[in-house]
Amino acid sequence: MELLGALKKHFGYDQFRPLQREIIEDALAGQDAFVLMPTGGGKSLCFQLPALMRGGLTIVVSPLIALMKDQVDALQASGIPATYLNSTLDREEAKARWRGLHRGEYRMLYVAPERLMLDTFLERALNWNIARFAIDEAHCISEWGHDFRPEYRELKKLRKHLPDVPIMALTATATERVRADIIKELKLRDPREYVASFNRPNLTYRVVPKKDPYQQLLEFIRSRPNDSGIIYCASRKSTESIARNLNEDGIAAKPYHAGLTTPERTKHQDAFLRDDVRVITATIAFGMGINKPNVRFVVHYDLPKNIESYYQETGRAGRDGLPSECVLLFSPGDVAKQLHFIEEKSESEARIARAQLQQMVHYAESRECRRTELLKYFGESYPSMAEVAGGQAVPLQHSCESCDNCLQPRETFDGTVHAQKFLSCVYRIHAKHGFGFGLGHVVDVLRGADTEAIRQRGHNELSTYGIGGELKRAEWQAIGRELLRLGLVECAPGKFATLWLTPAGLETLRKRTPIVLTKQIHIAEKSARIKRGAIECDEVLFDRLRRLRRKLADQRGVPAYIIFSDVSLREMARQYPTNSTQFRRIPGVGEQKLKDFGEAFLSEIDSHLATNHRRSCF
């Protein structure tokens with residue numbers, strides 16, 4: 001098998017991930033392709049392996065200069081002739097690489113779009129034997145994408161300058177509209193479209209009520225003393241203060257945001273990639289294309305603005321397939337902060353942003369399987385999706401076994417009386433004026449608040465005024481949002497998000513249909529560690545191998561995972577290879593890494609076995 005042989009030789013793996021083989025075969029046949037694979041799905045291999053199996057140069061377009069060196073270091077560690085051209089190189093180094101390109105010494109070149117599309121660059125490139133273009137983070141070309149970059153629009157000229165060179169466009173997240181835009185803008189010719197499953201089975205999803213957020217975060221990180229992770233925050237100020245507090249509490253952390261200088265951002269990112277710091281506190285400026293496979297947790301300290309961003313950011317955890325955690329600290333107060341930011345947008349942008357935020361809040365407050373909710377957003381069904389009958393969610397028949405709602409189902413209660421009060425109040429307000437009011441005002445009427453808005457409109461004279469005094473404001477708001485999710489109430493788009501009853505809500509009110517509501521979580525329970533994708537091994541040996549890996553990485557000036565991934569180390573600590581033949585069977589051990597590192601790791605395993613028994617019960 002030519003493909004499998006090349007895969008093992010260069011990358012050390014015995015089998016492909018889903019869709020990789022088909023994509024690679026298309027690339028080798030000179031076919032244009034569009035590839036949508038979630039983070040950690042193995043996109044890079046789809047253009048790296050073809051580059052090694054056919055002559056010529058593969059040019060990889062990447063928007064992130066800071067990550068090019070990291071990606072090229074990883075390829076070179078596997079014995080693959082690759083290089084990059086960007087502004088971080090001094091004049092002499094750049095000239096040396098240009099000479100190498102003209103001589104055909106490289107199989108892969110990483111370059112930013114604005115550099116590639118310079119007339120002088122393209123003129124020189126015409127002299128190279130270019131085999132294909134790989135456009136990474138291709139969603140950046142679309143104005144409908146979540147991270148549009150104008151410089152990517154220039155890439156559509158590639159077809160004009162080099163009409164015969166095949167193009168592969170790759171992204172980790174794109175709606176159908178964005179997919180169509182990418183294909184149109186890049187002028188892909190009859191491309192094969194590959195869309196992988198968005199499911200990341202090794203990730204655990206959890207939403208935790210935000211009460212004392214820094215202490216919650218500190219406790220979480222301290223309980224995982226060997227793990228590294230990313231903390232996403234809504235503001236630059238938060239990234240700075242949280243990083244400072246973590247360092248004072250003995251946890252090495254660095255902030256990352258657009259307000260830092262480019263050298264500062266690069267320095268902080270490199271420290272994280274090389275495990276010099278365990279935690280990076282970041283705004284959304286951090287992460288696209290991040291190649292660190294052993295990020296064990298992603299915590300959202302604040303509410304993300306939409307599900308697409310949330311999915312992409314959580315996707316930076318567990319790229320190596322080992323169990324990793326995604327935690328969202330949620331407070332209804334964060335919704336108000338996001339709405340404040342939205343008010344600064346134009347009305348057309350704000351309308352979309354409000355709808356996206358509402359979807360995010362529904363996800364955070366839902367009692368359904370988190371995995372099902374996420375996949376549904378991307379148009380994918382999950383096998384254990386709950387059935388809906390008569391407007392009520394039937395309990396899940398199957399569990400994803402890796403989200404809080406499946407592992408610890410939320411408590412429910414008979415909320416018929418509360419639902420009737422809320423629906424009746426919405427109905428009475430609408431009947432009085434012919435139009436509705438917002439959630440906050442409805443809650444004020446229910447609780448009998450003495451406000452100017454209520455007195456001016458005569459809502460203190462409604463029969464529903466003050467009938468909900470037994471519940472707190474936040475509890476009524478949560479009930480209102482759940483009735484929205486159940487489709488009994490609708491919310492008008494726009495700045496004034498007024499409420500009215502749907503036909504189903506009106507029928508429920510008239511027939512006094514029983515309604516099951518969800519109890520609010522009042523404490524943050526600690527979840528059981530999920531073992532989906534775990535590799536049980538000799539943890540003492542694994543720790544020794546990690547220290548050896550770090551030493552070798554420091555000697556070479558590269559991040560530790562470029563030597564070997566955690567998956568490779570765990571398999572070594574499980575299988576105890578004692579010779580080259582056995583070592584070659586470890587995932588991630590290709591010919592070059594066997595040659596460069598085999599002796600050192602075999603010696604460490606032998607040394608461990610000299611004083612320790614093999615663990616045999618896994």
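Strands β2 and β4 pair in the parallel sense over 4 bridges, where two strands count as paired if DSSP finds at least two bridges between them, and where helices (H or I, at least four residues) and strands (E, at least two) are DSSP runs numbered from the N terminus. Within this pairing, Val-60 stands opposite Tyr-110 in β4. This is a predicted model, in which local features need pLDDT of at least 70 and side-chain atom pairs count only at pLDDT 80 or more, while totals for chains, interfaces and linings use all residues. Residues are numbered from 1 along each chain as its sequence is written, and side-chain values use heavy atoms, with hydrogens and water left out.

Strand β2 also has β5 as a partner, again in the parallel sense, over 5 bridges, and here Thr-58 stands opposite Arg-132 in β5. Because 5 of the 5 residues of β2 are buried, this strand is largely enclosed by the rest of the structure; buried means under 20% relative accessible area, exposed over 50%, and partly exposed in between (1.4 Å probe, protein chains only). Leu-57, Ile-59 and Val-61 point one way from β2, whereas Thr-58 and Val-60 point the other way. In a regular strand the side chains alternate between the two faces of the sheet.

The wider sheet is open and built from 7 strands in the order β3-β4-β2-β5-β6-β1-β7, with parallel pairing. Its edge strands are β3 (82-85) and β7 (192-195), each of which pairs on one side only. At the β3 edge, β3 and β4 (residues 108-111) pair in the parallel sense over 4 bridges, with Met-108 in β4 as the bridge partner of Ala-82.

Two helices lie across strands of this sheet, where contact means heavy atoms within 4.5 Å, and where axes are lines fitted to C-alpha atoms, for helices over the stretch in contact, with angles from 0 to 180 degrees between N-to-C directions.

| Helix | Strands it lies across | Angle |
|---|---|---|
| α2 | β1 (33-36), β5 (130-135), β6 (167-171), β7 | about 160 degrees to β7 |
| α5 (residues 91-102) | β2 (57-61), β3, β4 | about 130 degrees to β3 |

Asp-26 belongs to helix α2 (residues 20-28) and is buried, with a relative accessible area of 12%. Leaving aside neighbours within four places in sequence, Asp-26 is in contact with Gln-31, Arg-192 and Tyr-194.

Phe-121, in helix α7 (residues 119-125), is buried with a relative accessible area of 3%. Not counting residues up to four places away in sequence, Phe-121 touches Leu-85, Trp-98, Leu-109, Val-111, Arg-115, Leu-116 and Trp-128.
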